[in-house]
Amino acid sequence: MFDKILIANRGEIALRVLRAARELGIHTVAVHSTADADAMHVRLADESVCIGPPAAKDSYLNIPAIVAACEITGAEAVHPGYGFLSENAKFADILKEHNIKFIGPSAENIRTMGDKIEAKRTAKALGIPVVPGSEGGVADVASARKVAKDIGYPVIIKATAGGGGRGMKVARNEGELELAVSTAQSEAKAAFGNGEVYIEKYLEKPRHIEIQVLGDGQGRAVHLGERDCSLQRRHQKVWEEAMSPALNAQQRDEIGGRVARAMQEMKYEGVGTVEFLYENGEFYFIEMNTRLQVEHPVTEAITGLDLVQEQIRVATGAPLPYKQSDIQFAGHAIECRINAENPESFTPSPGRVDAVHFPGGLGVRVDSALYSGYRIPPYYDSLIGKLIVFGKSRTECMMRLRRALSEFVVEGVETTIPLFQRLLAEHDIIDGHYDIHWLEKFLSRPKA
Ligand code: ADP
């Protein structure tokens with residue numbers, strides 16, 4: 001086992017990793033920007049190193065500063081969390097050159113799956129069903145027009161380097177195509193420095209269902225079931241649940257088994273998520289995330305596994321101790337992403353948290369780095385906490401969620417807690433009848 005690891009992240013996920021490491025008897029090093037000197041992850045870590053000014057590009061994305069922090073503290077491995085450098089193949093390469101273990105998959109796997117076109121090609125070759133679309137990037141409107149005609153409208157134009165729901169444009173007919181392609185290209189160029197785009201059939205009423213995987217890099221891999229992340233705003237997840245209200249055990253075994261076999265073939269190491277759209281009983285691969293995800297706790301709740309500890313164990317070279325039949329699913333879990341935002345307009349609401357009280361009790365987990373008196377800096381993501389609720393059944397889980405939300409207090413900044421309270425009054429949510437467009441429609445409806 002490692003003696004010391006460095007956590008190259010901040011906020012709730014830095015805390016999450018720190019907790020897993022400490023339970024394994026591993027010392028932790030926090031890194032932080034000057035804006036985060038008072039952050040909880042810095043307070044709780046065994047050691048901390050300031051790696052730069054507030055802007056992420058100068059601190060949490062500053063590779064030389066992070067490598068130097070490892071060398072100063074003697075950290076043997078780096079956990080990247082999610083976001084920031086977690087899917088940066090160059091970072092994984094550089095750590096390797098310095099004999100520091102990157103806790104995650106190989107740089108090669110990150111590179112392949114990080115390029116969305118390459119990822120689709122790989123998935124298809126490994127027997128995973130994909131969304132119909134262009135074979136590669138589309139260079140101009142003429143070739144876009146040809147692909148769109150073949151697959152049929154509506155189509156969605158997506159950035160090869162995409163992420164975070166950016167750089168996507170829908171065209172419902174040929175007349176809309178030209179503008180959609182050029183807007184997607186320029187958005188992609190601005191956001192990712194790479195303007196390449198590709199085309200997919202736009203699915204009208206899909207659910208977003210993703211399969212969690214865990215592999216040891218030596219050819220052993222299992223799937224840990226699915227998460228339903230269909231409740232989204234601007235293509236970003238808001239609420240996630242496991243299991244999906246839409247799947248049965250047979251469908252789960254079928255798609256999960258396919259994904260696990262693909263990961264065995266790739267010799268995938270660590271945790272990863274293979275994302276699908278699901279419509280009319282069919283799965284369509286959209287992308288793979290080669291890292292821990294924000295919504296991993298719902299999978300932990302129904303499997304009883306600590307995914308971060310599993311990541312760390314396989315990173316030491318230990319073989320995966322599980323066969324697929326060892327993985328059992330029990331109960332139901334829901335996660336709500338609590339953001340410091342106005343719950344109607346979603347404008348960020350940074351500032352001082354005057355008081356905070358977290359819900360507790362059986363089946364309630366709060367992953368958050370907030371404390372009373374903490375000042376939420378304006379420089380980073382507005383996620384300030386995750387409420388994860390577990391119950392024997394989906395019904396029990398929803399009742400518990402309602403109860404937990406009513407206990408949750410954050411004073412001084414606005415949060416999205418009222419949005420979840422509104423959602424729990426909706427029949428479609430109670431019944432589990434929603435697709436990826438449900439939330440946007442709900443938000444655009446005049447409030448009763
Ligand atoms: P990102 O990497 O930016 O998160 P994804 O490819 O994972 O992009 O897509 C994010 C979301 O965008 C999906 O969960 C879904 O809501 C929507 N989306 C993506 N592709 C399609 C498609 N072909 N048809 C309909 N919606 C899509």
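This is a short dialogue on reading a sheet and a ligand site in a predicted model.

Me: What should I know about the model before reading it?
Reply: The model is predicted, with pLDDT of at least 70 needed for local features and 80 or more for side-chain atom pairs, while totals for chains, interfaces and linings use all residues. Residues are numbered from 1 along each chain as its sequence is written, and side-chain values use heavy atoms, leaving out hydrogens and water.

Me: In what order do the strands of the open sheet run?
Reply: Strands of a sheet pair through backbone hydrogen bonds, either parallel or antiparallel. Here 5 strands form an open sheet in the order S3-S2-S1-S4-S5, with parallel pairing. Strands are DSSP runs (E, at least two residues), numbered from the N terminus, and two of them pair if DSSP finds at least two bridges between them.

Me: Which are the edge strands?
Reply: Strand S3 (47–52) and strand S5 (101–102) are the edges, each pairing on one side only. S5 pairs with strand S4 (residues 77–79) over 2 bridges, and Val78 stands opposite Phe102 in S5.

Me: Which polar contacts reach the ligand?
Reply: A polar contact is a pair of N or O atoms within 3.5 Å; within protein, one must be able to donate a hydrogen and the other to accept it, and residues adjacent in sequence count only if both atoms are side-chain atoms. A polar side-chain atom of Lys116 lies 2.9 Å from a ligand oxygen atom. Backbone N or O atoms of Lys201 and Leu203 lie 2.9 Å and 3.0 Å from a ligand nitrogen atom.

Key: Helices (H or I, at least four residues) and strands (E, at least two) are DSSP runs, numbered from the N terminus.
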